[in-house]
Every structure is written in structure tokens, then in C-alpha cells.
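Trainee: Please take one part of this model and go through it closely. I would like the charged pairing treated as the way in, and the surroundings described from there.

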Amino acid sequence: MTAISALLDADGASVYSDDDFDAVNALVRERGWGDGLPVVPPSEQRVAAMLEWCDRPWDEPFATMAPRYSGVTPLLLAANAVMAGCRPEYFPLVMLAIEALCEKQFNLYSIQATTHPCAPLLIFNGPVARELHINGGNNAFGQGVQANATIGRAVRLALVNIGGAAPGIADMATHGSPAKYTYCAAENEAASPWEPLHVERGFPSDATTVTVIGAECPHNINDHQSLTAEGVMMTIAGTMATTGANDIYYPAQRPLLVLGPEHAQTIADGGYSKADAKRFLQQHAWLALNRFSPENIGRRFMVTFRDQYANAAPDAPVHAVKHAEDIIIVVAGGVGKHSIYMPTFGGSTTPVTCALKRRDGSYVQTIDECRRA
Amino acid sequence: MTEIRKRGVLAAVICSSPFMNLGKAQARTFGVPDLRLVEIPHPFGGLALGSVQVRAAAVIPQLVSLIKEHIK
């Protein structure tokens, strides 16, 4: 018997399987509950251990998840976190990410059901992210760190199993991307010459936050030659201006630029604040109108920006981002003169930042505070 | 369309073939499992107006049947 035995005995609450790794995974594959990789069997004991890090009522929904618009309960989410391979102490951050994704302005329905390859990207800031060793350094968006791999994976499994976005059923992505397995990293705050993302977005530095963005996979920005801030940013601007990203076609977009620490330092050494860098990039990231197909000009720009382009010259600039302040900049990564750029789903999704809080609204300082008494 | 259907008004959603499963699932989710989906070939995006008109003409008989069924 565990603390959740009574909940699991409710009608429809549980699915039973032989207590065998292969049998559980065969069931998961048969029901379409996985991501193609083996899962950790969500036994009663493992789910109960996960819920020891949740002080909300375990069977009460705390969010509503599109496209099924079903209630997300800690119990359901904990099962997915176990399957993903999360350590129990990661669970408060998994819940935090789900809360953020289910905020109306993120528009999870569109991110889930679209043909676009976007995936929810989780960027963590603050002391608990460091305490749990969420990687923001070398290979930040790659493999190898349990926190990055499993927190992002738990979110993806929940999006499928609770939200209902199974491929071909509700997830209509043309290609999808590897980011749909897991897409989770921390900002490398120690390596940043500027204020971290969560402080920029209005939170105190000792808050732990997640910022969720409906983002494409990273596009690399490789510049090992530029010696000045302007030089590096010209390379970045050139990568940002692309005909194939949704952002350039909308009046409001919030793409993410992840500066590697070496590029960030070069830009800061040139006297640029984050805001200055955003202004430079917004001004310099553009393509001539005649780089776009006649159909895109006629059916998109002449519709959305009719006043601006109705009588424009063929080489009139089309800016990748319309407002400098909408560019999101974080610093992450290890050594090497690379940065990465993530265009987004476009104007109908807005990034959301949520903070890990105590019941009284103050900010959690250490993950142990989230353990049930 | 959901709200229109819930008021008892005949409503149909035009849906290209690969999106029929999503359409049916969403109709169930929003409490209108009988919301009619009119299936058209895919892709629809990027078609010139003339091709759109051909697709529209092809589904008119379906729409006529739906209306006749509704008013019986």
C-alpha cells in the first residue's frame, strides 16, 4: 500500500500490466503512450515517490491541456514523469513547465496540432535549476544530462498522453524534429555579461523560473572570424533573416537567440547591453522583398502589411523581427564561437515565464522546500 | 462552429483528408460529436483561386445532402 493506493483504485484510474519491463513497454507501444523510446514502468511505488514532491491535491486538475482540453492532475503527470525517467525531485519543475504551457497566451493548441515543426522549449533560470544541475553549459541542448533529458521528455509524454497530441491523430507536424523528444536547458547565468532572462522579464534573481517558447530546432550561427560586436551581430542578423521561418510574416514574433558565452562577451565588450544588441539585430536582420516568392508577397505581405508593401520597391527591406524588444536573448553553451537561433511558430504564440513559488507566493529557494512534510 | 452547432443550427467544417482525425477528435472534445466534416483533397494551402473554386464545386452535392437531411 502507498499513499496513492486509494486514488488508483478509483474506476478508470489505473491500467494494469505484468510487473515486467518488456510487458509494460509493449503495452505502452500498443496504446501509443510513448515517444518510441523505452519508458520506465510507472509502478505505484515510483509514482508515489514522484508525488512526494507535490503538495497539491494529487487528483485535482491544476491545468487544462489542449488539444484534448483534459485536466492535468499531479497523479497523471507523475506517471508521465516516471515514464520519462525523472528523478522525483524534478517533479516541481515538470509541473511548473506544464502550468506555463497551459497559459492561454502560449496557445498550446496551435503548437500541438500544427504542421509546423515547433516544440515547447523550456529555458530554466534560478537557484533550483542550478541545484538540480539542469545543464546550460557545454552541449546544453544535447544529450547526456538527466535533468535536461527527462524534464523535457516528461513534458512531451504529458503533451501526448494527457493533451492528446499523438502523431497523425492531433499532432499534424509535417516533419517534426528531434526537439520533440526533449527540449530543455538552463541559461548559463554565470557566463552571461548581462542580466539573466528571468530578471529581464521582471523576476528577482533568486527566483527559479521556466520560460516556455514554441520554437524550432536550433539554427547554428558559426562565427569564428569576427572580432567586433558588430561583426558577430552581422553574422547573427544574417542567420535570422530567412524566408522559410514563420516569424518574418507576422507583425509580432518573439524568436530566441541563444548566444554562446564567447559571442556574448564579444558583444558586451563592444559596449552593447542586451537592449542595444536587440536594436542592432532588429535593424540589420532583413531581406529584400524580391527574395520572397510572388505568391508570398501577394498572399502574405500584401495582406498583413498592405500599407507598407503596396507600393514598395522590389528591394524594400523586410525585417525578420518587427520590434527589437521582442527578440529574446539568453546566454548558454560552452566554449566555441557559436550561437544558436530559434525561430518560433509565429505571431499567435507568446512565450510565458512562470516562477516556482511557495503557498504564500514567495519564491522557492531550494528544492527541498517542495518535498511534502 | 461548435457554438453554432450547440444552438441546433446546421454547421459543417471543411476539412482536408489528413486532418479528418483531428477534426473528429476536436468535435468530440468540444461536445459536438455530430458536427459534420466535409472532406476535401489535400493540400488546400497555396491553391490558386480557380482550383479553390473547383474544390468548392466538388463538395456542393455533400452540402446539399446535409441541408436536405437537416430539414427532413
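Mentor: A salt bridge here is a side-chain nitrogen of Lys or Arg lying within 4 Å of a carboxyl oxygen of Asp or Glu. The model is a predicted one, and by this rule it has 14 salt bridges over all chains. Side chains of opposite charge can pair when their charged atoms come close. One of the pairs is A:Glu99 with A:Arg56, whose closest N and O atoms are 2.1 Å apart. The two residues belong to distant parts of the chain, 43 residues apart: A:Glu99 sits in helix α5 of chain A, and A:Arg56 in the loop between α3 (44-51) and β1 (63-65) of chain A.

Helix α5 leads on to a sheet. The sheet is open and has 4 strands of chain A in the order β4-β3-β5-β12, with mixed pairing. Its edges are β4 (184-186) and β12 (352-355) of chain A; each has a single partner strand, so one side of each is left without a neighbour in the sheet. On average, neighbouring strands of this sheet are turned by 25 degrees against each other, direction ignored. Inside the sheet, β3 (residues 119-125) and β5 (residues 209-215) of chain A run antiparallel and are joined by 7 bridges. Within this pairing, A:Leu121 stands opposite A:Ile213 in β5(A).

Helix α5 of chain A, residues 91-101, packs on this sheet and touches β3, β5 and β12 of chain A. The direction of α5 makes about 50 degrees with that of β5(A). The helix that carries A:Glu99 of the salt bridge is therefore also one that packs on the sheet. Helix α8 of chain A, residues 146-161, packs on the sheet as well, touching β3 and β4 of chain A. Its direction makes about 140 degrees with that of β3(A).

Some backbone details belong to the loops of chain A. Most residues other than glycine have a negative phi, and most peptide bonds are trans. A:Asn107, in the loop between α5 and α6 (108-113) of chain A, has a positive phi near 65 degrees. A:His133, in the loop between α7 (127-131) and α8 of chain A, also has a positive phi, near 60 degrees. Neither A:Asn107 nor A:His133 is a glycine. The peptide bond between A:Ala66 and A:Pro67 is cis, with omega about 5 degrees. A:Pro67 lies in the loop between β1 and β2 (70-72) of chain A.

Chain A has another open sheet of 4 strands, with the order β6-β11-β7-β10 and mixed pairing. Here β6 (219-222) and β10 (328-331) of chain A stand at the edges with a single partner strand each, so each has one side without a neighbour in the sheet. From one strand to the next the twist averages 20 degrees. Strand β7 (residues 256-259) of chain A pairs with β10(A) in the parallel sense, over 4 bridges. A:Leu259 has A:Val331 of β10(A) as its bridge partner. Helix α10 of chain A, residues 229-240, lies across β6, β7 and β11 (338-342) of chain A, and runs at about 155 degrees to β6(A).

That leaves the partner chain. Chain B has 3 helices and 2 strands, which follow one another from the N terminus as α-β-α-β-α. Taken along the principal axes, the C-alpha atoms of chain B fill a box of roughly 35 × 25 × 15 Å. Chain B also has a cis peptide bond, from B:His42 to B:Pro43, with omega near 0 degrees. B:Pro43 is placed in the loop between β2 (36-40) and α3 (49-71) of chain B.

Where chain B meets chain A, 10 residues of chain B are in contact with 11 residues of chain A. About 780 Å² is buried between the two chains, and carbon and sulfur atoms give 60% of that area. The rule that gave the salt bridge count finds 0 salt bridges across this interface. It is consistent to set beside this that the side of chain B touching chain A has 6 nonpolar, 4 polar and no charged residues. Polar contacts are present across the interface, with 3 residue pairs found, both residues at pLDDT 80 or more.

Methods. Residues are numbered from 1 along each chain as its sequence is written. Chains are lettered from A and ligands numbered from 1 in the order in which they are written. This is a predicted model: local features need pLDDT of at least 70, side-chain atom pairs count only at pLDDT 80 or more; totals for chains, interfaces and linings use all residues. Side-chain values use heavy atoms; hydrogens and water are left out. Contact means heavy atoms within 4.5 Å. Buried area is the accessible area (1.4 Å probe) that two parts lose on being put together, summed over both. A polar contact is a pair of N or O atoms within 3.5 Å; within protein, one must be able to donate a hydrogen and the other to accept it, and residues adjacent in sequence count only if both atoms are side-chain atoms. Ala, Val, Leu, Ile, Met, Phe, Trp, Tyr, Cys and Pro count as nonpolar, Asp, Glu, Lys and Arg as charged, and the others, Gly among them, as polar. Two strands pair if DSSP finds at least two bridges between them. Axes are lines fitted to C-alpha atoms, for helices over the stretch in contact, and angles run from 0 to 180 degrees between N-to-C directions.
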